[in-house]
Structures are given as C-alpha cells and as structure tokens.
Amino acid sequence: MNRERTIVLWCPDWPVLAARSATQLPTGIPLALIDRGMVFACSPEARHLGVRRGLTVREAQFRCTDLVVLAYDPALDRRAFDPILDGLEEITPGVAVLRPGTCAIRARGPVRYYGGEPAAAQAMLDYLHGAGLTEARVGIADGPFAAEQAARRGLPGPGTAPTVTGRLEPDPGERIQRVRIVPAGESAAFLAPLPVSAVAEAGLGTLLARLGVHTLGQFAALPAQDVHRRFGAAAAQAHARASGREHEEIVPRTPTPVFDRGQDFEPALDRIDQLAFALRSTADAFVQALRERTVVCTAVSILVSTEDSLLTERTWRHPRWFTASDLIDRVRWQLQGDGRADSGLRAGVVRVVFSPDQVDAVANHEDGLWGSGPDERIHHALTRVQGLVGHAGVLTVAIDGGRLLADRQRWLPWGDDPAGSTGNVSARGPGGFGRPWAGSLGGLLPATVFRTAHPVTLVADDGRSPGVDERGTLDGEPRRFAPERSVAGSAGPDLRPVLAWAGPWPVLERWWDTAAGRAVHRLQIVDEGGDAWLLALDDDGWRAEARYD
C-alpha cells in the first residue's frame with residue numbers, strides 16, 4: 001500500500017528562537033525556558049555547557065552559571081510561528097501545523113510544481129533561510145512521522161563543531177545537507193535503527209526496554225494485533241508509525257480570515273459629516289467581507305486616531321447585526337456622543353479601523369417566511385430615532401445587580417448589551433448576577449416596582465405601627481394596611497385587613513460606614529383585596545417598594 005509522501009519542515013529550538021526574538025536577547029547567550037520548575041527547552045550554547053531538557057533550574061544553573069532563565073510561553077510559540085506559516089502558504093498551499101516550529105505539507109503538489117522532491121525541498125528551505133531560520137531542516141518520507149524523523153536526523157556537513165563561545169557556527173557548504181529524502185517504500189528501513197523512545201511515550205518506552213525492545217525495528221517486528229491487545233490503542237498507533245504504516249493524514253490549517261477594514265485620511269478630516277461620507281465605502285466593504293463568509297457582525301470595535309495622537313477605541317454591540325449605516329452612526333456617536341451630525345471635531349481624524357469583536361452565522365439572523373414582524377419594525381423605528389437624537393437619546397431597561405428592586409433597574413442606550421463593555425454592569429457582573437447579593441429578593445419578582453418607595457400605613461393589634469427588634473423579628477403582628485400613610489389631624493386612610501404576611505428579611509449595606517450605611521427590613525403582605533405588597537422598613541417608617549400584580 002502506497003503511503004502519502006510528506007514534506008516536514010522543522011525549525012530546531014523554536015521555543016528558544018521565539019523567546020529570544022520577543023525579549024531581544026543577543027545571540028550567543030545561553031538561554032533556558034522553564035516550565036513547572038524544569039527545563040523545557042534550551043539553546044545550543046546552553047546544551048554545549050551541559051544543560052539538558054528535564055533538569056531542574058538549580059541543576060541547570062549549576063552547570064551553566066551564565067544561564068539566562070525565562071518562563072516558557074506556549075502562546076508566544078504559536079504567535080511567533082504564524083508569520084512563518086503565512087509566508088510558506090504563499091509558495092505552497094496546504095500547510096498543516098504539527099506543533100509550533102514544525103509543519104507538514106503533502107508532497108504531491110509542491111513536487112509537481114517545482115519539478116521534483118529535491119527542488120521542492122530546496123525552495124522551502126530557501127524561504128526559511130530568508131526568514132532568518134538558518135538552522136531549519138526539511139525531511140521527505142512516507143508519512144508525517146517518518147518525514148519528521150528524517151528532518152530531525154538530517155545529513156549535517158563536516159563543519160558544525162562548536163566555537164570557543166559555545167555557539168554552533170554552520171558551515172557554508174552545509175545548507176544542502178539539511179535536506180534528507182527517504183526513498184518511497186523505505187521508511188520502515190530508515191526508522192528501524194532509531195530508538196523506541198522516538199515513537200513511544202515514557203511509560204511505554206520503559207516497558208518495552210524491559211522486554212528487550214530497544215529499536216523501532218524490533219518494535220515493528222512484533223505482531224500488530226498482539227501489541228494492540230497487550231498495550232492498548234496508543235501503543236498500536238506507535239507500532240504503525242514504527243512500521244512505516246502510519247494512518248495520519250495531513251489536514252491543512254484554515255487561515256483565519258481578516259475582516260478588519262481601515263481607512264487613512266490625508267489631510268485629516270475635522271467635520272463629522274465629511275468623515276461619514278468618506279467612511280461609507282469602507283463600511284460597505286467591511287459588511288460585504290463578512291457576508292461573503294456568511295457571517296454578520298454583532299459586536300464591533302472601532303478605533304479612531306486623531307492628528308493630535310489621541311487614540312479612542314470602543315466596542316459597540318447591536319441587537320441584531322451591523323449594517324454600513326449602523327457603523328457610520330457608531331463612529332459619530334463615539335466622536336461626539338449625542339452631538340449633531342454636522343458638528344465639527346476638536347481634532348482632525350487621520351484613521352478609522354473597524355474590527356469585528358463578535359460574529360454570528362447569517363442564518364441565525366435571516367427573516368422568517370413572513371418576515372420578522374413587529375420586532376423588526378420596532379428596531380428600525382428606534383434606530384432611526386437614535387440616529388437623530390444621539391446614542392443616549394433612546395434608552396431601554398436592563399436588570400442589574402443589587403439588593404433593593406429599584407437598584408436593579410439600569411437604563412442603557414438601545415442596542416447596548418448589558419453584559420458588554422459599553423456599560424458599567426461589569427462592576428456587578430454580567431446581567432447583575434456575576435456575584436452573589438446577600439439579602440436580595442429571591443423567587444418571583446414583583447411586576448410593579450415603584451421608582452420611589454412611597455409611605456404606607458401598617459398597624460398591629462394595639463393600633464401602633466409594628467417595628468423590628470434587635471433580633472430581627474416583628475414586635476407586633478400586622479393586622480391592617482393602607483397603601484398611603486395617615487396624616488395627623490386627617491380622617492386617616494381606609495385600612496384593609498391583612499390576610500397573610502411573611503418576613504421580615506434584613507438588608508444591611510455598608511454597616512461599617514455611618515454616612516453611607518443603610519439598614520432596611522422587608523416584609524411581604526397580602527391585603528383583603530388580594531393584592532400582594534413588598535414593604536420595607538427604614539428610618540422613615542414603612543414604605544411600599546413594589547406590588548405583585
């Protein structure tokens with residue numbers, strides 16, 4: 001069975017190269033990357049002085065007193081390798097990332113384009129050398145594992161002895177030796193003398209060594225069924241690799257599309273109406289690029305740069321998805337708030353960039369068979385009004401965090417997400433429920449919440465208003481209730497019998513602060529008319545906080 005020919009490009013010591021580039025450390029300095037207290041990777045200079053992977057930090061520094069120690073950052077590896085992949089995809093498509101610093105390519109396409117495996121390998125090696133990776137190697141074999149081993153065990157030239165400083169100086173004639181091609185059908189013979197640790201994990205490698213299996217050839221000679229039955233699926237996969245019969249396929253990476261759209265202005269624009277007109281084509285291109293990928297933008301970040309070097313960036317959210325007109329409105333609101341469209345700016349704008357913060361499939365936002373009905377008409381009407389009066393001119397309510405019901409109501413501009421960065425809810429948690437609110441009302445919430453709690457009358461058996469003692473219990477059972485408070489010298493309100501009550505529940509806020517502290521005791525009652533009320537007792541007496549309709 002013919003195995004797919006694979007090209008593997010390997011950059012030795014990639015984590016070290018990425019860390020050295022990020023920290024701008026000069027070459028020639030011994031460097032080690034530490035992960036969980038152990039050496040994860042080290043530079044050739046450090047290895048020449050005895051540092052090895054798996055050593056503790058203390059042992060590594062004992063062997064090399066000049067060792068520079070940095071923390072290993074896997075995200076940095078991936079981020080630094082992305083530009084290399086982008087450049088490779090310009091000369092050959094279908095690059096698959098095995099790990100940062102190592103990638104694989106199906107050999108058929110590049111070989112046919114460049115006219116042979118040596119020419120294809122040389123073209124890729126030329127690109128890597130041009131990118132500054134002079135130590136890169138290329139391996140070609142049947143399957144990615146054999147090709148990677150060929151790359152790692154290239155054919156070095158004669159001039160690779162370490163210098164006095166410990167740095168490996170490549171020989172000028174060694175470059176062609178960094179390509180190793182294993183002929184088709186000979187991968188098993190190439191892998192046979194390699195140690196079994198090249199394909200097996202530590203535990204399996206130790207076990208195989210105890211059984212007298214030290215090379216991949218010896219491991220491949222074992223019956224495949226017996227290996228699977230005795231050691232499991234992972235060992236069976238390792239056995240297939242050792243036999244040159246690996247089943248892994250090269251899955252090319254899918255480059256992340258870049259939807260950012262920006263526009264520079266020279267000279268700078270100092271009027272918002274000019275800016276809106278000039279940005280129209282950029283906004284259209286931004287929306288069209290998303291539509292071509294069958295996605296829409298539900299949250300966008302807008303970066304505005306002015307000629308006085310001021311950068312403003314804000315994330316805007318939309319109740320549906322952004323159109324070009326919506327983007328222009330957000331730029332205007334970001335620059336002037338609720339100012340008029342023809343107002344001037346404090347400083348001229350030199351650059352505007354649209355970046356999608358959240359995208360969603362367009363199918364989730366398509367109209368139904370009979371349209372989206374009243375919701376769409378309401379959205380268009382409110383958006384139109386908002387475009388005339390400004391971003392903060394049309395408000396909607398959202399549930400926030402808090403203990404008293406009036407505190408949980410928050411007004412925010414139409415289209416803003418309560419959990420988004422455009423509001424101040426982040427201090428209390430998304431939707432107000434990011435943190436526990438001890439003393440908040442649980443269960444079903446009242447339908448009518450009074451913006452300002454109004455005084456009520458609540459009396460006990462002895463005709464006085466019940467209070468709450470130091471233990472948090474009522475000193476009298478509620479008997480009669482009126483939704484307004486009696487005034488001295490008047491006939492008094494019409495008191496209704498109380499059919500049921502529950503509570504009280506204390507709400508103590510900032511008890512350590514005499515100026516800002518608040519102590520409230522809540523009580524639920526049901527009057528004779530069947531109305532349920534949420535009452536609160538504070539320093540001013542009983543007040544109605546809400547009513548259950």
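This is a short walk through one protein chain, from its overall make-up to a few individual residues.

Before anything else, please keep in mind that what you see is a predicted model, and that every value I mention has been computed from it.

Let me begin with the chain as a whole. The protein chain has 549 residues, and buried residues make up 40% of them. Its secondary structure comes to 15 helices and 21 strands. If we take the contacts between residues at least 6 apart in sequence, 58% of these join residues that are at least 24 apart. The accessible surface of the chain comes to about 29,700 Å², and carbon and sulfur atoms account for 53% of that surface.

Now to the start of the chain, and to helix α1, which covers residues 14-23. The buried residues of this helix are W14, P15, V16, A18, A19 and R20. What lies over them? The cover includes strands β2, β3 and β4, together with helices α2 and α4. Just after α1 comes Q24, which takes a positive phi of about 60°, and this is a residue other than glycine. Q24 sits in the loop that runs from α1 to strand β2, the latter being residues 31-35. Is Q24 buried or exposed? Its relative accessibility is 69%, and because exposed means over 50%, Q24 counts as exposed.

Helix α4, which I have just named as part of the cover over α1, also packs against another helix. Helix α4, residues 74-91, and helix α6, residues 117-130, meet at an angle of about 145°, and their axes are 11 Å apart. The crossing of these two helices is right-handed. On the α4 side, the residues involved are P83, I84, G87, L88 and I91, and they meet A123, M124, Y127 and L128 of α6.

Within this pair of helices, I would like to pause at Y127, whose place is in α6. Leaving aside neighbours within four places in sequence, Y127 is in contact with P83, I84, G87, L88 and I91. If we take L88 from that list, Y127 and L88 are 39 residues apart in sequence, while their C-alpha atoms are 7.5 Å apart in space.

Further along the chain, there are two points about the backbone. The peptide bond from E266 to P267 is cis, with omega near 5°, and P267 lies in strand β9, which spans residues 261-271. The other point concerns T294, which is not a glycine and nevertheless has a positive phi of about 55°. T294 is located in the loop between helix α13, residues 272-292, and strand β10, residues 295-306.

On the surface, there is a nonpolar patch of about 310 Å², and it is made by L395, V397 and W411. Of these residues, W411 lies in strand β14, which covers residues 409-413.

My last stop is H521, which is found in strand β19, residues 518-527. Why does H521 count as buried? Its relative accessibility is 17%, and since buried means under 20%, H521 falls within that class. As for its surroundings, and again leaving aside neighbours within four places in sequence, H521 is in contact with V468, P504, W505, P506, L535, A536, L537 and W542.

Technical notes. Residues are numbered from 1 along each chain as its sequence is written. This is a predicted model: local features need pLDDT of at least 70, side-chain atom pairs count only at pLDDT 80 or more; totals for chains, interfaces and linings use all residues. Side-chain values use heavy atoms; hydrogens and water are left out. Patches are made of residues with over 30% relative accessible area and no salt bridge: like charges are joined within 9 Å, nonpolar side chains (Val, Leu, Ile, Met, Phe, Trp, Tyr) within 5 Å. Accessible areas come from the Shrake-Rupley method with a 1.4 Å probe; for residues, only the protein chains shown count as cover. A salt bridge is a side-chain nitrogen of Lys or Arg within 4 Å of a carboxyl oxygen of Asp or Glu. Helices (H or I, at least four residues) and strands (E, at least two) are DSSP runs, numbered from the N terminus. Buried means under 20% relative accessible area, exposed over 50%, partly exposed in between (1.4 Å probe, protein chains only). Contact means heavy atoms within 4.5 Å. Axes are lines fitted to C-alpha atoms, for helices over the stretch in contact, and angles run from 0 to 180 degrees between N-to-C directions. A crossing is left-handed if the near helix is turned anticlockwise from the far one by less than a right angle, and right-handed if clockwise.
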